[in-house]
Amino acid sequence: MNIHEHQAKDLLKKYGVPVLKSQVVFNSEEAGKIAKEQFEDQGSKVIVIKSQIHAGGRGKGKVHNPDTNEVNVVNGKEVRGVTVITGDNLSGKAKDIAQATFGQKLVTIQTGEAGSIVNRMLIEDGANIEKEFYLSMLLNRETGRNLIMASTEGGVEIEEVAAKTPEKIIKEDIDPTTGFQGYQARSIAFGLGLEGTAFKNFVKFITKLVNAYNELDCSMLEINPLVVTKEGEVIALDCKMNFDDNAEYRHPYWKDLKDESEEDPLELEAAKYHLNYIKLDGNVGCMVNGAGLAMATMDMIQLSGGKPANFLDVGGGANVERIANAFRIMMSDPDVEAVLINIFGGIVRCDRVAEGIIQALKTVEVDIPVIVRLDGTNAELAAEILEKSDLEFNVAKNFQDASRKVSEVVEAA
Ligand code: ADP
Ligand code: MG
């Protein structure tokens with residue numbers, strides 16, 4: 001589960017991780033008012049206004065009018081996802097930028113062309129930045145341990161650093177039996193070239209950050225940039241926080257942090273029926289039982305010249321209700337040109353699944369080719385049932401045959 005920067009910073013604050021004073025706002029009136037009363041009138045000389053969307057790359061991203069797709073302009077300057085405001089009349093400028101951003105579409109390297117509509121913004125004090133660093137913590141699935149990554153190349157996408165200058169990434173693995181050690185904190189601080197006050201502050205910072213990561217059941221926590229100020233303070237200027245969904249029962253407040261406007265509507269719908277569905281950008285919908293077979297099916301679709309429109313694991317049972325819901329969700333994706341059902345009957349019998357598919361399709365309108373491959377227990381009986389039904393199925397004999405049928409359909413489309 002993903003949350004907004006402002007929510008992540010509120011949580012970090014609770015764990016003593018230094019962040020700057022900030023306040024989330026939900027419209028441009030509020031932006032102007034808060035910028036004036038809580039920042040300008042309190043002596044802020046520089047403020048920053050930041051669009052809150054779940055994707056990163058906001059600083060370089062531009063704000064577009066969602067209808068015309070043109071980039072919005074304020075005082076002759078294109079509006080970005082993050083704006084540092086200086087000079088006089090800070091609150092007036094903040095309000096103008098907010099007005100040109102709320103309800104508009106922010107396009108960043110991470111959102112892709114489609115962009116994300118901005119519904120909330122963060123007003124924050126400006127930092128007196130000396131240097132920007134990169135710092136993150138995540139579960140390393142190769143070692144099964146938590147890993148800390150740090151780099152002097154802050155503010156830059158870490159993937160870019162990893163590709164071009166991998167030697168600039170410092171890594172520290174955390175041994176779960178001993179936990180994060182003081183020498184590891186110092187080793188990272190040395191690696192980043194910190195000295196004096198900044199060194200001491202960094203050691204405190206990272207110790208608190210690791211504690212927050214553990215207590216909050218994060219699966220990923222990224223501070224990019226982590227800044228050292230001219231005064232040697234160490235501050236989290238940005239924060240991306242991901243939770244381990246399996247720990248939701250320990251954190252009942254997580255449900256209040258969810259922002260459904262940031263999620264794919266089809267995925268939200270699928271979650272209601274406990275379907276394991278992830279929307280992708282291809283043209284062949286696939287419905288499979290079991291995550292492993294679903295992965296193999298997606299590979300097969302790709303090799304056949306199609307592109308998977310989704311990942312969908314209907315689970316072991318593959319009963320009528322689940323199949324019907326899954327179909328409805330796939331059919332509401334306008335990009336889907338064909339559907340491949342690939343079910344292996346191990347525990348579940350294929351004839352049952354075949355009947356389930358037929359019943360389900362009586363309740364959903366399907367006007368595109370449906371290729372079905374059922375294998376395992378009672379597969380032959382299942383094929384007979386499908387062939388005999390009034391519905392038009394393209395029954396495949398095996399995985400290879402299914403693959404060929406997918407290619408034919410894709411070519412025809
Ligand atoms: P994103 O990663 O989505 O681009 P960031 O929060 O990292 O957004 O902001 C982008 C850049 O904007 C930062 O690298 C930093 O240079 C600048 N910035 C962000 N917040 C502040 C702040 N409070 N004070 C000064 N500069 C800031
Ligand atoms: Mg950032």
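Student: Which residues in H11 meet which residues in H12?

Tutor: In this predicted model, Cys 350, Asp 351, Ala 354, Glu 355 and Ile 358 of H11 meet Ala 379, Leu 381, Ala 382, Ile 385 and Leu 386 of H12. By class, that contact holds eight nonpolar, no polar and two charged residues.

Student: Why are Asp 351 and Glu 355 in this contact counted as charged?

Tutor: Asp and Glu belong to the charged class by definition. The contact of H11 with H12 has two charged residues, and Asp 351 and Glu 355 are among the residues that meet there.

Student: Why is H11 called roughly parallel to H12?

Tutor: Helix H11 (residues 350-363) and helix H12 (residues 379-388) pack at an angle of about 20°, and their axes are 7 Å apart. Angles under 35 degrees count as roughly parallel, so H11 is roughly parallel to H12. The crossing of the two helices is right-handed.

Student: What makes H5 oblique to H6?

Tutor: The angle between helix H5 (residues 182-191) and helix H6 (residues 196-215) is about 130°, with 9 Å between their axes. Roughly perpendicular covers 65 to 115, and roughly antiparallel needs over 145. An angle of about 130° fits neither range, so H5 is oblique to H6. This crossing, too, is right-handed.

Student: Which residues of H5 and H6 meet?

Tutor: From H5 come Ala 185, Arg 186, Ile 188, Ala 189 and Phe 190, and from H6 come Phe 199, Phe 202, Val 203, Ile 206 and Thr 207. The classes are eight nonpolar, one polar and one charged.

Student: In the open sheet of four strands, what makes E1 and E6 edge strands?

Tutor: The strand order is E1-E9-E2-E6, with antiparallel pairing. E1 (22-25) and E6 (82-85) each have a single partner strand, so one side of each has no neighbour in the sheet. Neighbouring strands are turned by 20° against each other on average, direction ignored.

Student: How do you know that E2 and E6 pair?

Tutor: Pairing requires at least two bridges. Strand E2 (residues 47-51) and E6 have four, in the antiparallel sense, so they count as paired. The bridge partner of Lys 50 is Val 82, and that of Val 48 is Val 84.

Student: Which side chains of E6 are buried, and which are not?

Tutor: Thr 83 and Ile 85 point to one face and are buried. Val 82 and Val 84 point to the other face and are not buried. The cut-off for buried is under 20% relative accessible area.

Student: Where does H1 lie?

Tutor: Helix H1 (residues 5-14) lies across E1, E2 and strand E9 (121-125), at about 45° to E9.

Note on methods: Residues numbered from 1 in each chain as written. Chains lettered and ligands numbered in written order. Predicted model: local features only at pLDDT ≥ 70, side-chain atom pairs only at ≥ 80, totals over all residues. Heavy atoms only, no water. Axes fitted to C-alpha atoms, helices over the stretch in contact; angles between N-to-C directions. Left-handed = near helix turned anticlockwise from the far one by under 90°. Contact = heavy atoms within 4.5 Å. Buried < 20%, exposed > 50% of the residue type's maximum accessible area, 1.4 Å probe, protein only.
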